[in-house]
Amino acid sequence: MAIGKITDRIDAITVISDERSVPAPPCPRSVKIELTARCNFNCSFCATGYKLRDKRDMEWDFYLKLLKELKTAGVEEIGMFYLGESFILPWLPDAIKAAKDEGFEYVFLTTNGSLCTSDKVRACMEAGLDSLKFSLNYADEDQFKSIALVKGSLFQDMTNNVKEAHAVREEGRYKCGLYGSYIRYDGQQGDRMASMVNELEPFLDEVYALPLYSQADLVSVDEKNRGWEIRGGNPGRADNMQPAMPCWSLFTEARVTYEGHLSACCFDHDGRFRMGDLNEVGFMDAWTSPEFQALRQAHLNRDVSATVCKDCVAYA
């Protein structure tokens with residue numbers, strides 16, 4: 001079956017068009033929804049382990065209401081994740097089906113791969129999932145244990161689940177792309193990953209690399225001490241990085257936290273980047289709120305020194 005390249009989609013979303021280079025851009029094409037903030041990993045590069053907020057699940061009724069509002073606003077793509085691991089949820093396939101039934105043309109998901117057994121993947125693909133990406137951020141079990149900070153056996157679960165997902169797709173002839181990404185922590189990580197990538201490439205439609213993000217400067221000190229290379233903002237994928245300022249994530253894609261906050265940042269682990277409570281205001285009202293417009297204008301001016309983005313961009 002013909003499966004599109006995920007890197008084309010990433011590159012398209014990480015470029016700010018002239019139409020969107022304004023404080024109040026049109027409705028974003030893509031929105032990531034945090035079905036859950038919980039994660040079974042404790043990765044050293046991710047601030048989720050700092051427990052800077054409660055880790056709960058989105059309410060189902062709010063989720064359904066949100067889907068309808070996003071569709072009416074003009075959103076085309078829905079991500080079934082934000083800062084948590086969505087395969088924790090038994091109702092993940094129901095969430096995917098609800099999004100497809102609402103008419104969203106592309107529903108995508110990123111996972112750490114440890115929990116997506118063949119039965120769960122089959123249910124998600126049957127529900128209409130269009131893209132499943134595995135975060136393959138570890139070259140081997142030793143690196144996995146030192147970074148993910150969980151039991152090493154989950155590394156083998158992750159690699160097995162990648163292969164089983166491919167088998168599920170081929171047997172069911174599901175039109176779901178399967179992808180992998182990994183973080184280049186330093187100049188040697190690409191070489192470290194070579195064996196892992198070679199093993200899994202036959203089961204994936206595309207594998208690509210990401211830089212190490214500063215996660216809004218929440219983990220940068222720890223990782224810098226390890227000799228890792230940190231990038232400010234969210235420059236996209238490693239082989240086609242975009243400027244940290246203006247940061248594309250403010251202009252082209254939205255994120256909704258499990259409790260209903262619209263966030264301006266891909267790494268809002270502590271609530272600093274909340275631009276509106278969607279329990280109280282409409283999505284487009286939050287997307288074009290005075291606070292959000294002021295932050296975007298600062299990015300357009302290339303001066304975020306007086307904003308919540310100042311420490312993150314310092315690593316650009």
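In what order do the 10 strands of the open sheet run? Colour the strands and read across: E7-E6-E5-E4-E3-E2-E1-E8-E9-E10, with mixed pairing. Keep in mind that this is a predicted model.

**Stop 1: the edges.** Select residues 230-231, strand E7, and residues 274-277, strand E10. These are the edge strands, and each pairs on one side only. Stay at the E10 end and add strand E9, residues 261-263. E9 and E10 are antiparallel, paired over 3 bridges. Show His261 and look across into E10: its bridge partner there is Asp277.

**Stop 2: helix H1.** Select residues 6-13. This helix packs on the sheet. H1 touches strands E1 (30-33), E2 (77-79), E3 (106-111), E4 (131-135), E5 (177-184), E6 (206-213) and E8 (253-256). Compare directions with E6: the angle is about 35°.

**Stop 3: strand E5.** Select residues 177-184. Is this strand mostly covered or mostly open? E5 is mostly covered, with 7 of its 8 residues buried. Now bring in its partners. On E4, the strands run parallel and are joined by 5 bridges. Pick Ser131 and find Gly177 of E5 opposite. With E6, the pairing is also parallel, over 6 bridges. Pick Arg184 and find Pro211 of E6 opposite.

**Stop 4: helices H4 and H6.** Select residues 118-127 for H4 and 153-172 for H6. The two helices pack at an angle of about 45°, with their axes 9 Å apart. H4 is therefore oblique to H6. The crossing of H4 past H6 is right-handed. Show side chains to see who makes the contact. From H4 come Ser118, Val121, Arg122 and Met125. From H6 come Glu164, Ala165, Val168, Arg169 and Glu171.

**Stop 5: the core.** Which residues have the most contacts inside the largest nonpolar core? Select Ile33, Phe45, Tyr63, Met80 and Tyr138. The core itself has 101 residues. Its largest share, 6 residues, comes from helix H6, the helix of the previous stop.

**Stop 6: Tyr63.** Centre on Tyr63, one of the residues just selected. Leaving out residues up to four places away in sequence, what does Tyr63 touch? Its contacts are Ile33, Leu35, Met58, Met80, Ala95, Ile96, Ala98 and Ala99. Two names return from the previous stop: Ile33 and Met80, each listed with Tyr63 among the residues with the most contacts inside the core.

Technical notes
Residues numbered from 1 in each chain as written. Predicted model: local features only at pLDDT ≥ 70, side-chain atom pairs only at ≥ 80, totals over all residues. Heavy atoms only, no water. Core = buried A, V, L, I, M, F, W, Y, C linked by side-chain atoms within 4.5 Å. Buried < 20%, exposed > 50% of the residue type's maximum accessible area, 1.4 Å probe, protein only. Helix = DSSP H or I, 4+ residues; strand = E, 2+ residues; numbered from the N terminus. Contact = heavy atoms within 4.5 Å. Pairing = 2+ DSSP bridges. Axes fitted to C-alpha atoms, helices over the stretch in contact; angles between N-to-C directions. Parallel < 35°, antiparallel > 145°, perpendicular 65-115°, else oblique. Left-handed = near helix turned anticlockwise from the far one by under 90°.
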